[in-house]
Amino acid sequence: MSFDEEESFEHTLLVAREVTVYKIPPRSTSGGYKCGEWLQSDKIWSGRLRVVSCKDRCEIRLEDPNSAELFAACFIYPGQRESSVEPALDSSRYFVLKIEDGNGKHAFIGLGFNERNEAFDFNVALSDHNKYVSRENEKEASEKNATDSLIDIHPAVNHRLKEGETIRINIQPKPSSGTGMLSAAALSGVVLKPNTLCLVPPPADSGKIRSPLPPPPNDPAAARMTSTSQSVGQRAPTENTRQTDPLTNFSQLERNLPASGSGPRKTTASGWAAF
């Protein structure tokens, strides 16, 4: 909890049921005060003491134990403990307090505890308050550094168009029809020629099946095939000498047909009859 959040809160650090307040003479030496110089006749008040932590300020309040009426108050600000509360040189149970009336006037009074344990607890309460203030200051400093590290040092850039500004975007038109290489060729002016289909003629002896390996020399099947081929070769001349079939001889039929007299003579391909 930061100081701003607990500004209206008070934490009581110590309550001493009975203390004694003395009127002290001026300081005789620069070394400090001695409680042995205080006389019993200089006792001016006795009552209750409370140490209260208010934000970063610590208050030592001297109050009446019955009515809680405030007799005097000592304010300890950060870093001013030595000037507000000073221990006596000759005893650990006595201190000198700097009290203020709120109008800028201050005075020094002597404070005495009945027991040493109460005086020890008084010193511990003041030390705890100083430690608490130091922790809160470090915490606020670390939070501030963390917040500063998250702040973007680069200012935001305004990309909005100002009045009268325009944006021009160049978009290339798409082809009306065709996709792929044909459309690209049409755009570039290249004329693509269709590929000519070329068929390779079959080999002359396509009906024969050639063996990739020669047959063995004493194979009877190979001998029969050889004798068969020789007999076929001997019969071929006799078949060629046979008389030609008149139905298949179209040249003789063409000569026997009468020629047309009036119309132009049509040229026909050889082997076909003209009707």
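In the chain examined here, residues 24 or more positions apart account for 53% of the contacts with a separation of 6 or more. The model is a predicted one, and its pLDDT averages 74 over the chain, with 57% of the residues scoring at least 70. Confidence falls under 50 over residues 1-6, a stretch for which the model nevertheless has 16 contacts beyond four places in sequence. The pLDDT is likewise below 50 over residues 238-242, and there the model shows zero contacts beyond near neighbours in sequence. Of the 275 residues in the chain, 21% are buried.

The secondary structure comprises five helices and seven strands, which follow one another along the sequence in the pattern β-β-β-β-α-β-β-β-α-α-α-α. The seven strands form an open sheet with antiparallel pairing, in which the order is β4-β3-β2-β1-β7-β6-β5. Because β4 (70-76) and β5 (85-87) each have a single partner strand, they stand at the edges of the sheet, and one side of each is left without a neighbour in it. From one strand to the next, the twist averages 35°. Strands of a sheet pair through backbone hydrogen bonds, and such pairing may be either parallel or antiparallel. At the β5 edge, three bridges join β5 to strand β6 (residues 94-100), the two strands running antiparallel, and within this arrangement P87 stands opposite F95 in β6.

The residue F95 also takes part in the aromatic contacts of the model, for which a count of seven aromatic pairs is obtained. The ring centres of F95 and F113 are 6.0 Å apart and the ring planes lie at 85°, so this pair is edge-to-face. Since F95 belongs to strand β6 and F113 to strand β7 (residues 106-113), the pair ties together parts that are 18 residues apart in sequence. Both partners are buried: F95 has a relative accessibility of 2%, while the relative accessible area of F113 is 1%, and each value is therefore under the 20% that marks a buried residue. Elsewhere among the aromatic residues, Y22, W38 and Y94 form one cluster.

In contrast to these buried rings, K23, which is placed in strand β1 (residues 11-23), counts as exposed because its relative accessibility is 58%, a value over the cut-off of 50%. Leaving aside neighbours within four places in sequence, K23 is in contact with D42 and I44. The C-alpha atoms of K23 and G110 are 6.2 Å apart in space, although the two residues are separated by 87 residues in sequence.

The cysteines were considered last, and the count of disulfides comes to zero. For C74, which is in no disulfide, the nearest cysteine sulfur is that of C58, at 8.4 Å, whereas a disulfide would require the two sulfur atoms to lie within 2.5 Å. The relative accessible area of C74 is 1%, so this residue is buried. C35 likewise counts as buried, because its relative accessibility is 15%.

Key
Residues numbered from 1 in each chain as written. Predicted model: local features only at pLDDT ≥ 70, side-chain atom pairs only at ≥ 80, totals over all residues. Heavy atoms only, no water. Buried < 20%, exposed > 50% of the residue type's maximum accessible area, 1.4 Å probe, protein only. Pairing = 2+ DSSP bridges. Helix = DSSP H or I, 4+ residues; strand = E, 2+ residues; numbered from the N terminus. Axes fitted to C-alpha atoms, helices over the stretch in contact; angles between N-to-C directions. pLDDT = per-residue confidence, 0-100. Contact = heavy atoms within 4.5 Å. Phe/Tyr/Trp six-rings, centres within 6.5 Å; stacked < 30°, edge-to-face > 60°.
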